[in-house]
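Me: I have a chain open in my viewer and would like to talk it through with you. Shall we begin with a pair of facing residues and work outward?

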Amino acid sequence: KAADFTSSDLAVSEDWWKIAAPGLTKDSYYFVNLSKAGRNPLIALIWADRDYKSESNAQTLPVAVGYIPLTDFGSEIKGSRISIINTDGFVLYDSDSTVLYSVANLAKDPIFTKALQSAARVGAGEFEDATQKFLGSFFRTDFQLVVTSRTNLRKAMSATYTLAEKFLLLGTMCIAGAVIFALIFARTLTAPLYALYQATRRVAAGNFDLALSTRSGDEIGALG
């Protein structure tokens, strides 16, 4: 609410008026960032009446200023950096407070550049700047604003890596279990066969006085 802000919070600085002037002349409106450290994020919308004609000063345009508090904006989004940028590249909101509370310009940001160059209003991809690789997405609005989000690639892929590690561990356990089962099964199969082989050798040697003790009820047991 505007009541949560002081008159000082709502004042548009001279620097912002200079930045906004070309946009007001061209499009009649311009968004500026009035956020201050220790206060809730705040965007101002400056609207100019380009149809007004002043007899005393042709350069004068009457303006109205509206305010958009962003108190809880982006609070539910964890792990990603959210930015709102005007088409000149000036940051209006950023979940990174060091960027939010400064007159930062992201005109050379790879996501912002892609958003302006893309024929589509919505897009996503893998990007890289001077410090890191990250996954990014953008949405270009009807009011010459660009909303971007970015997530560190390593952080974004950490869940995938964790899942892959778990599948690898599960696979290793399954293989180990299969090997143990195979060894046990092989022993139960080869033991009666070996006993039958020894008995056959004794019979071949003329020793008919023997008895086989078989526990198997299958074909191997029947041979015994």
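Me: Happy to start. Which residue in β8 does Ser-83 stand opposite?
Reply: This is a predicted model, so keep that in mind as we go. Strand β4 covers residues 81–86 and strand β8 covers residues 145–152, and the two run antiparallel. Ser-83 faces a residue of β8, namely Thr-148.

Me: How many bridges join β4 to β8?
Reply: One pairing along these strands links Arg-81 with Arg-150 in β8. Counting every link between the antiparallel strands β4 and β8, the number of bridges is six.

Me: And in β5, what is the bridge partner of Ile-84?
Reply: β4 also pairs with β5, again antiparallel, through three bridges. The two strands form a hairpin with four residues between them, and Gly-89 in the turn has a positive phi of about 95°. Across that hairpin, Ile-84 has as its partner in β5 Tyr-93.

Me: Which strands are the edge strands of the sheet?
Reply: The open sheet has five strands in the order β5-β4-β8-β7-β6, with antiparallel pairing. An edge strand here pairs on one side only, which holds for residues 91–94 and for residues 122–128. From one strand to the next the twist averages 20°. The edges are therefore the strands that pair on one side only, β5 and β6.

Me: What angle does the direction of helix α4 make with that of β7?
Reply: Helix α4, residues 110–117, packs on the sheet and touches β4, β6, β7 and β8. One of these strands, β4, is mostly covered, with five of its six residues buried. Against the direction of β7, residues 133–140, the helix makes an angle of about 40°.

Me: Let's move to the surface. Which strand gives the largest share of the nonpolar patch?
Reply: The patch is formed by Trp-17, Val-63, Val-65 and Tyr-67, with about 290 Å² of accessible area together. Three residues of the patch come from one strand, residues 63–69. That strand is β3.

Me: Why does Tyr-67 count as partly exposed?
Reply: Tyr-67 lies in strand β3. Partly exposed residues fall between the cut-offs of 20% for buried and 50% for exposed. Tyr-67 is placed in that class because its relative accessibility is 30%.

Me: Finally, what percentage of the chain's residues is buried?
Reply: The chain holds six helices and eight strands. Its accessible surface comes to about 15100 Å², with 59% belonging to carbon and sulfur atoms. Of its 224 residues, the buried share is 27%.

Notes:
Residues numbered from 1 in each chain as written. Predicted model: local features only at pLDDT ≥ 70, side-chain atom pairs only at ≥ 80, totals over all residues. Heavy atoms only, no water. Pairing = 2+ DSSP bridges. Axes fitted to C-alpha atoms, helices over the stretch in contact; angles between N-to-C directions. Contact = heavy atoms within 4.5 Å. Patch = residues over 30% accessible without salt bridge, like charges linked within 9 Å, V, L, I, M, F, W, Y side chains within 5 Å. Areas by Shrake-Rupley, 256 points an atom, 1.4 Å probe, with all protein chains shown as cover. Salt bridge = Lys/Arg side-chain N within 4 Å of Asp/Glu carboxyl O. Buried < 20%, exposed > 50% of the residue type's maximum accessible area, 1.4 Å probe, protein only.
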